[in-house]
Amino acid sequence: MAKFLIVEARFYDHLNDMLVAGAKAALKDAGHKVDVITVPGALEIPGAIALADQSDDYDGYVAIGVVIRGETYHFEIVAGESARGIMALTMDGVAIGNGILTVENEEQAIVRADPKQKDKGGEAAKAALALLALRERWA
């Protein structure tokens with residue numbers, strides 16, 4: 001049994017609730033333990049994962065958040081830099097599933113977040129499980 005940390009940028013409560021539910025269900029169905037922490041925004045997710053990974057308390061991580069395109073360039077910065085930070089950690093061997101939705105509108109987010117529809121939270125958890133399995137295989 002492994003222990004996973006879900007790091008969520010809680011901005012859209014109803015969307016995050018669905019994403020976290022999907023991620024928790026996937027991890028628990030696979031027989032693993034799960035903790036959840038909240039950070040201010042998607043840009044803080046990679047930093048929180050890096051800090052948590054230094055503790056050796058967790059075997060893997062799931063990043064959860066929703067970034068909806070607005071009228072400014074901020075969307076591109078948040079979407080790109082949060083993904084870049086997660087990818088950098090992954091390239092260093094940290095098992096992370098990226099469940100940060102980057103969408104045009106709330107309707108797209110609902111379809112992707114809902115565990116009964118696209119279940120992107122559950123998919124992110126499964127990605128973290130797959131990376132952990134690879135890391136253990138080659139350890």
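This note goes through the cores, a helix pair, an aromatic pair and several single residues of a predicted model.

1. **The largest core.** Start with the largest nonpolar core, which has 24 residues. Phe4, Ile6, Leu27, Val62, Ile64 and Leu101 have the most contacts inside it. Six elements are named as giving two or more residues each: strands S1 (3–9), S3 (60–68) and S4 (96–103), and helices H1 (13–29), H4 and H5 (120–137). H1 gives the largest share, seven residues.

2. **Ile64.** Ile64 is one of the residues with the most contacts inside the largest core. Which residues does Ile64 contact, leaving aside its neighbours within four places in sequence? Ile6, Val7, Glu8 and Ala9 are among them. So are Asn16, Leu19, Val20 and Ala23. The list is completed by Ile45, Gly99, Ile100 and Gly121.

3. **A second core.** The model also has a separate core of 20 residues. Ala52, Val67, Phe75 and Val94 are included in this second core.

4. **Helices H2 and H3.** H2 covers residues 45–54 and H3 covers residues 74–91. They pack at an angle of about 25 degrees, and their axes are 8 Å apart. Angles under 35 degrees count as roughly parallel, so H2 and H3 are roughly parallel to each other. On the H2 side, the contact is made by Ile45, Pro46, Ile49 and Ala50. On the H3 side, Ser82, Gly85, Ile86 and Leu89 make it. By class, the contact has six nonpolar residues, two polar ones and no charged ones.

5. **Ser82.** This serine is found in helix H3 and belongs to the contact with H2. Buried or exposed? Ser82 has 2% relative accessibility and counts as buried, because the cut-off for buried is under 20%. Outside its neighbours within four places in sequence, Ser82 is in contact with Ala42, Leu43, Pro46, Ile77 and Ile100. Pro46 is also one of the H2 residues in the helix contact.

6. **The aromatic pair Phe11 and Tyr12.** How many aromatic pairs does a search of the whole structure find? Two. One of them joins Phe11 and Tyr12. Their ring centres are 4.9 Å apart, with 75 degrees between the planes. Planes over 60 degrees apart count as edge-to-face, so this pair is edge-to-face. Phe11 is exposed, with a relative accessible area of 62%. Tyr12 is partly exposed, at 23%.

7. **Positive phi at Asp56 and Asp119.** Check the backbone at two aspartates. Asp56 lies in the loop between H2 and S3. Its phi is near 60 degrees, a positive value in a residue other than glycine. Asp56 counts as exposed, at 67% relative accessibility. Asp119 is found in the loop between H4 and H5. Asp119 is not a glycine either, yet its phi is positive, about 50 degrees. Buried or exposed? Asp119 counts as buried, at 17% relative accessibility.

8. **Glu107.** Glu107 sits in helix H4, which covers residues 106–113. H4 is among the elements that give two or more residues to the largest core. Glu107 itself is exposed, because its relative accessible area of 55% is over the 50% cut-off. Now take Ala50, one of the H2 residues in the contact with H3. Glu107 and Ala50 are 57 residues apart along the chain. Their C-alpha atoms are separated by 32 Å.

Definitions and conventions:
Residues are numbered from 1 along each chain as its sequence is written. This is a predicted model: local features need pLDDT of at least 70, side-chain atom pairs count only at pLDDT 80 or more; totals for chains, interfaces and linings use all residues. Side-chain values use heavy atoms; hydrogens and water are left out. Helices (H or I, at least four residues) and strands (E, at least two) are DSSP runs, numbered from the N terminus. Buried means under 20% relative accessible area, exposed over 50%, partly exposed in between (1.4 Å probe, protein chains only). A nonpolar core is a set of buried Ala, Val, Leu, Ile, Met, Phe, Trp, Tyr and Cys residues joined through side-chain atoms within 4.5 Å. Contact means heavy atoms within 4.5 Å. Axes are lines fitted to C-alpha atoms, for helices over the stretch in contact, and angles run from 0 to 180 degrees between N-to-C directions. Angles under 35 degrees count as roughly parallel, over 145 as roughly antiparallel, 65 to 115 as roughly perpendicular and the rest as oblique. Ala, Val, Leu, Ile, Met, Phe, Trp, Tyr, Cys and Pro count as nonpolar, Asp, Glu, Lys and Arg as charged, and the others, Gly among them, as polar. Rings of Phe, Tyr and Trp (its six-membered ring) pair if their centres lie within 6.5 Å; planes under 30 degrees apart count as stacked, over 60 as edge-to-face and the rest as tilted.
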